[in-house]
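Student: Before we discuss this chain, I should like each structural term to be justified by its criterion. May we proceed in that manner?

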Amino acid sequence: MTEHTENQFETGTVVYDPGSDKVGEYQGKAGPYALLRPLGGGREWEACPELIRPATPGERLSAGVRAANSRSCPWPQEPPSPVRDCAACTDLAGLRDAARARRDASAETDANVLLRRHQRRYHAAFLGLKEYTVVPDASAEAEYETSCTDCRAGSGARRALAEVEEWQRAHTRETGHPRYRRTVADYAVFTPR
Ligand SMILES: [Zn+2]
Ligand SMILES: [Zn+2]
């Protein structure tokens, strides 16, 4: 039997597979193969473990941008247009147009990715995306808690403020400690408007 000196990669390492000319995340061994997954997720593929190597920063970047692109939209998209009076949009669209003018397709793609990302974050309404609103979580009750500032003794989480005050009364009677720190925690959910 031949001893192979195989590259050992940690799961999640971004590697380049010359066999398929693709960059992927190392998932582990599958029989004699190395199992790789596209950066944005998707169908895994099998690669020769002796050929794969860690991806260079350039390979990682272009694969990452491609993944971000395909995550945001599975079909070909119109290039995003800048929102009027937004400095960031104007800036990114300027970079994009300059890249297009000098026929630098990869810089043009990168600028479009960044512009889309910026717009999803700051111009949800412009894009017709859902707006999110915060509502208190009705399924989780608020929690009250207090601790003595002298000895750090704590009440633990209680369902009602009255229970916390009851605990404080008892603690002060017992120790004479008069000062407490009180906190209220509640839960909130982000839901589409
Ligand atoms: Zn903008
Ligand atoms: Zn105390």
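Tutor: Two strands are said to pair if DSSP finds at least two bridges between them. The model before us is a predicted one, and an open sheet of five strands in it has the order S4-S3-S2-S1-S5, with antiparallel pairing.

Student: How do you know that S2 and S3 are paired, and in which sense?

Tutor: The criterion asks for at least two bridges. Strand S2, residues 22-30, shares six bridges with S3, and the sense is antiparallel. Glu-25, for instance, has Arg-37 in S3 as its bridge partner, and Tyr-26 stands opposite Leu-36.

Student: What makes S1 and S2 a pair?

Tutor: Strand S1, residues 14-17, is joined to S2 by four bridges, and the two run antiparallel. The requirement is at least two bridges, so S1 and S2 count as paired. Val-14 has Glu-25 of S2 as its bridge partner.

Student: Which residues take a positive phi in the hairpins of S1 with S2 and of S2 with S3?

Tutor: In the hairpin of S1 and S2, with four residues between the strands, Asp-21 has a positive phi near 55 degrees. In the hairpin of S2 and S3, with two residues between the strands, the positive phi belongs to Gly-31 and is near 60 degrees.

Student: Why are S4 and S5 called edge strands?

Tutor: Each of them pairs on one side only. S5 comprises residues 53-54.

Student: What makes a group of residues a nonpolar core, and which residues form the largest one?

Tutor: The members must be buried nonpolar residues joined through side-chain atoms within 4.5 Å. The largest such core has eight residues: Phe-9, Val-15, Tyr-26, Ala-34, Leu-36, Trp-45, Ala-47 and Ile-52. Strand S3 (33-38) and strand S4 (45-47) each contribute at least two residues to this core. Another core, of six residues, lies apart from it and includes Val-83, Leu-92, Ala-93 and Leu-115.

Student: Which residues does Phe-9 touch, leaving aside those up to four places away in sequence?

Tutor: Phe-9 touches Val-15, Tyr-26 and Ile-52, and also Arg-53 and Pro-54.

Student: Why is Phe-126 called partly exposed?

Tutor: Its relative accessible area is 45%. Buried means under 20% and exposed means over 50%, so Phe-126, at 45%, falls in between and is partly exposed. Phe-126 lies in helix H4, residues 124-127.

Student: What makes Phe-126 eligible for a surface patch?

Tutor: Patch members need over 30% relative accessible area, and Phe-126 has 45%. With Leu-127 and Leu-129, Phe-126 forms a nonpolar patch on the surface, with about 260 Å² of accessible area together.

Student: How do you know that Ala-185 is neither buried nor exposed?

Tutor: Ala-185 has 32% relative accessibility; the limits are under 20% for buried and over 50% for exposed, and therefore Ala-185 counts as partly exposed. Ala-185 is in strand S8, residues 180-185.

Student: Which residues touch Ala-185, leaving aside those up to four places away in sequence?

Tutor: They are Ala-142 and Glu-143. The C-alpha atoms of Ala-185 and Glu-145 are 8.3 Å apart, although 40 residues separate these two along the chain.

Student: How many helices and strands does the chain have, and what share of its residues is buried?

Tutor: There are five helices and nine strands. Of the 193 residues, 25% count as buried.

Note on methods: Residues numbered from 1 in each chain as written. Chains lettered and ligands numbered in written order. Predicted model: local features only at pLDDT ≥ 70, side-chain atom pairs only at ≥ 80, totals over all residues. Heavy atoms only, no water. Patch = residues over 30% accessible without salt bridge, like charges linked within 9 Å, V, L, I, M, F, W, Y side chains within 5 Å. Areas by Shrake-Rupley, 256 points an atom, 1.4 Å probe, with all protein chains shown as cover. Salt bridge = Lys/Arg side-chain N within 4 Å of Asp/Glu carboxyl O. Buried < 20%, exposed > 50% of the residue type's maximum accessible area, 1.4 Å probe, protein only. Contact = heavy atoms within 4.5 Å.
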